[in-house]
Structures are given as structure tokens and as C-alpha cells.
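Here are a few exercises to work through with the model open beside you. Try each task before you read the solution.

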Amino acid sequence: MREVQVRCRGGRFRLARSVSGIVAAAVAGGTIVLTGGSATAASPPAMYDQLAYSTQVTVGGVIDSGATFPEGLGCTTASGVSRSNGGAVSIPALSLNAGASTNTVSTLAVGPVQTGTSTSQLLGLSLLGTPLLPLISADAIDITTTATSAADGTVTSTGSVTVTDLKLSGITILNGAVAPNTGIAIPGVGSLVVNRQIPVPGNIGLVTIGLSLDITLGPLAGTSITVGYAHSFFRPPLPVIISGVAYSNLVSAGPLTVGPLAATGVPCTGGTSTDTSLGITIPGVITVGAITETGEATVGSPDSSGSTTSTIAGVSLLGGLVTAGAITAKANVSYDGSTSTFDSTGTSIADLAIAGVPYVGPLDPGTEIPIPGVGVLFVNRQISDATSLSVRALELVLTGPVLYPGGTLPTYSVLQAGVANIYAVADEPIGLSAQVDQIDLLNKVCSEQEDAVACLT
């Protein structure tokens, strides 16, 4: 897997509390693989299925660097919903950089007519070559996919890609709107397709990819790179029993907020979905090893079950102030047709240390460790109600500003590593990103301050 580095740069990405039963979609060796659900359109209200992400890399058809900053909506008929996620990513092994990226999905219904829209935007793109002369570069790439389900269930879809100064070895080759499936041969490397469009089987929607690069020559032969992915399609309405999302590396810090880099949902019709990444770094803020996010469900009648799992091979927060070895957050649910039962079996945190000193106390659910002058570290934090469970392996809440190499993290910033959410609800507007419970955190932190009112306001 490729090392991924994340840089905070200004823009804030609001994240909504939600989870997803997204139909899994991956670009593997030039083939779109869609799993879960039927490929037959249905009379409204149909179920939306939206997904957008920034980059993905496969080697030999196997995912090497999973979807970055994914955002999605699925397994819902809810209208008027919008979700966004994004950030700046660098994959050094491929000299793949995007100064900023934003992925957004939304749904809208006017009477019986439903429309789903997914967009992906990347700014300051460079790929392969050297920093001074990248093989492929662009000032901006904008990808949009829209699918509309009519009153009779007929689905029409459109995709578009607009590039700003797309260059090959420093020479501008495209500028503006690009025709679908525009192919460009790159001698000694392979082939590039701009505005790659792939109809979803059953004519229920469309996949649009900004740049699809297949490397067939040289040391990277067999590598496929996706830059800017957006799909929009519809599924027949089905009862949603189990949904959820696993994600990692959420930084909620005002204008420095960065959404989850790796995330995956639970396929609400049953099955397994996975997202992976390796070596994620926001310098001075959070560094982790390999990440694997998994969502799975078994849907029956009446018995169903599901789980989400976030596994990370090593964590460092605030430049090593908080460290841990392998951590796993896991949320499980079983449903017998009337009652949902939740648990966190499988959750673990190894080798936790504060300021280099091993922590030898208990790590029971909800463990709180005050860190003087910094904030409160929640370990194995669990938040639940009658229909959901959220398990957060590590969650650091700052009670004052903290300096880091890129600036200052404001008071009440939240750093999360390893989060698993599971839900047993029907037809909620659910998405891949998940909001930090800021009010809950503020109430808890402020209640321990000398002037709680001033803290809350």
C-alpha cells in the first residue's frame, strides 16, 4: 500500500452525523466493480446511491491505496440531503498531489421525480514526474454525475468533467469541458482517459471519473490511478435494517478541520465493504500506520446482524504526546425483528502512552485521561441509544489552544483515531462522513471548568 500524507490547508469541511450502506464501487484494472443490490430500476421512491472520492490506486487489480476523503449516501429515499468531505492529499510513491479536494453528494425530490448528484473537485493536481516537471498536472478538475429517476422509474444520467490547464509534461493539452472517454496515449507509460464514463448495469445510473490512468510500461506497470470519482444511481426500495460507518483520522478544528481520509459503510443489503490506507500524516497533529476500515452485514428475516471495524497500526497525536500501538474500534449489532442489541466486542487499544510514559490504568469503556495544559483523552469512548452505538478508540479534546508546525489548533478541537458506528434504523439520510458530537463534548468538558457558562458560550 502507498504512504499517504495529509496537509491541513484552510478550508473547513462540515461533516454530518451519519453512516452508510453504500453499494461498494471500485476501479480495478480499468473495470468498475459494483456489488450489492439489484440492477433493476423501481417505481419511486427509489433508493439513492451516491459516492464521490478524490483518489484511488490499484496494482494488479488489487486496491493499493483506498478511496481518499470519500463521501456517500446510500440505502435511503430521503430527499434534501447534502454531505461533503475533503482535504489535501499527497501519495509520495506516485508523486500524486492535490492541494485541496472536496467531495459532495446530494439528493432532491420534486414530486415523484428524484435526482441524485455527486461531485468531486481537485485543485493543484500533479502526478508522476518531478515536483518541477510533473508528468500530468492541472490547476483544477471538476467532476459531476447526476442521475434522475422519473415518475415511471426510468433513470436518466449525465456526467461531466471540466479541467483547467491540464498539462502533459508541461504542455497544455486540454482546457475546459472534456468530451466523454477522451483517450490520450502517453509514450513509455500507458494510457490516460479523461472524463471516463461507465453506465451502471441495468441503466440505473452512471460512473464518471476525472482522470483514469493505466500504467502498462516501466516499473509501475500494472498500476491504475483514479483521480476524481463520482457515481450516481438508484436502487429499488428495500427495508433498511442495518447501516453503519467506520472511519479514521477526523480532525475537527474550526478552519483547520479535515474530514475522514479513510471510511467505509455497511452494505445495507448484506455483504462486506472495505477501505484501506497506509501512513497518514498531518504533521504535528496526527500520524498513523496502516488503516483498514470494514463494514459488514447479514440481512435476514427476521434476524439480521452487522458490524463496523476501524483498525490502525500505530497512532501518534500532537507530535507524540499521545501514542498507541495497534488499535481497533468495533461496533456490533444484532436484530431479531423487534429488538436491537449492541456491543463493542473486538475493541482494543495496545501500548497507550502519554508523554512517553506507558499508561497502566484500566481501559474500560469511557476511560478519561486528563492531560494538563492540553485537554482530555477519551479512550474506548462509547455513545449509544436505542438504535445506535458509536465506539471511538481514541478521541482527544483540547481544552485550550495548542501550537503545531502549521499553526494553532483552537480550543475544543477534537482529534479522532479509529471510530466505528453501527445503526439499526430504517431509511435515514445517511452518509459516509460522521460529525463529532461537539455539543456533547463541550458539555462534558465545560462542566469541569471553573466558569462553565463562559466555556459553553
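**Exercise 1.** Which residue in S25 stands opposite threonine 287?

Before solving it, some ground rules: this is a predicted model, so local features need pLDDT of at least 70 and side-chain atom pairs count only at pLDDT 80 or more, while totals for chains, interfaces and linings use all residues. Residues are numbered from 1 along each chain as its sequence is written, and side-chain values use heavy atoms, with hydrogens and water left out.

*Solution.*
- Start with the vocabulary: strands (E, at least two residues) and helices (H or I, at least four) are DSSP runs numbered from the N terminus, and two strands pair if DSSP finds at least two bridges between them.
- Strand S23 (residues 286–288) pairs with S25 over three bridges, in the antiparallel sense.
- In that pairing, threonine 287 faces serine 316.

**Exercise 2.** Work out what else strand S25 (residues 304–317) pairs with, and how covered the strand is.

*Solution.*
- Look at strand S24 (residues 291–298): eight bridges tie it to S25, running antiparallel, and threonine 292 has threonine 311 as its bridge partner.
- A five-residue hairpin connects S24 to S25.
- Now go to strand S26 (residues 322–335), which is antiparallel to S25 with 13 bridges; here serine 305 partners serine 334.
- The S25–S26 hairpin has four residues between the strands, and leucine 318 has a positive phi near 55° there.
- Finally, check the cover: eleven of the 14 residues in S25 are buried, where buried means under 20% relative accessible area, exposed over 50% and partly exposed in between (1.4 Å probe, protein chains only).

**Exercise 3.** Trace the hairpins on both sides of strand S12 (residues 155–168).

*Solution.*
- Strand S11 (residues 134–149) runs antiparallel to S12, with twelve bridges, and isoleucine 143 lies opposite valine 161.
- Five residues separate S11 and S12 in their hairpin, where glycine 153 in the turn has a positive phi of about 90°.
- On to strand S13 (residues 171–177): five bridges join it to S12, again antiparallel, with threonine 162 opposite alanine 177.
- This hairpin has two residues between the strands, and serine 169 in the turn shows a positive phi of about 55°.

**Exercise 4.** How many aromatic pairs are there?

*Solution.*
- Rings of Phe, Tyr and Trp (its six-membered ring) pair if their centres lie within 6.5 Å; planes under 30 degrees apart are stacked, over 60 edge-to-face and the rest tilted.
- That rule gives two aromatic pairs.
- Tyrosine 48 and phenylalanine 234 have ring centres 5.3 Å apart and planes at 45°, so this pair is tilted.
- Tyrosine 48 is in strand S4 (residues 47–59) and phenylalanine 234 in strand S17 (residues 223–235), 186 residues apart; both are buried.
- Tyrosine 53 and tyrosine 229 are stacked, at 4.5 Å centre to centre with 5° between the planes.
- They also link S4 and S17, 176 residues apart.
- Tyrosine 53 is buried at 1% relative accessible area, and tyrosine 229 at 0%.

**Exercise 5.** Where is alanine 253 found, and which residues does it contact beyond its neighbours within four places in sequence?

*Solution.*
- Alanine 253 is in the loop between strand S19 (250–252) and strand S20 (262–265).
- Its relative accessibility is 1%, so alanine 253 counts as buried.
- With those neighbours set aside, its contacts (heavy atoms within 4.5 Å) are Leu409, Pro410 and Ser413.
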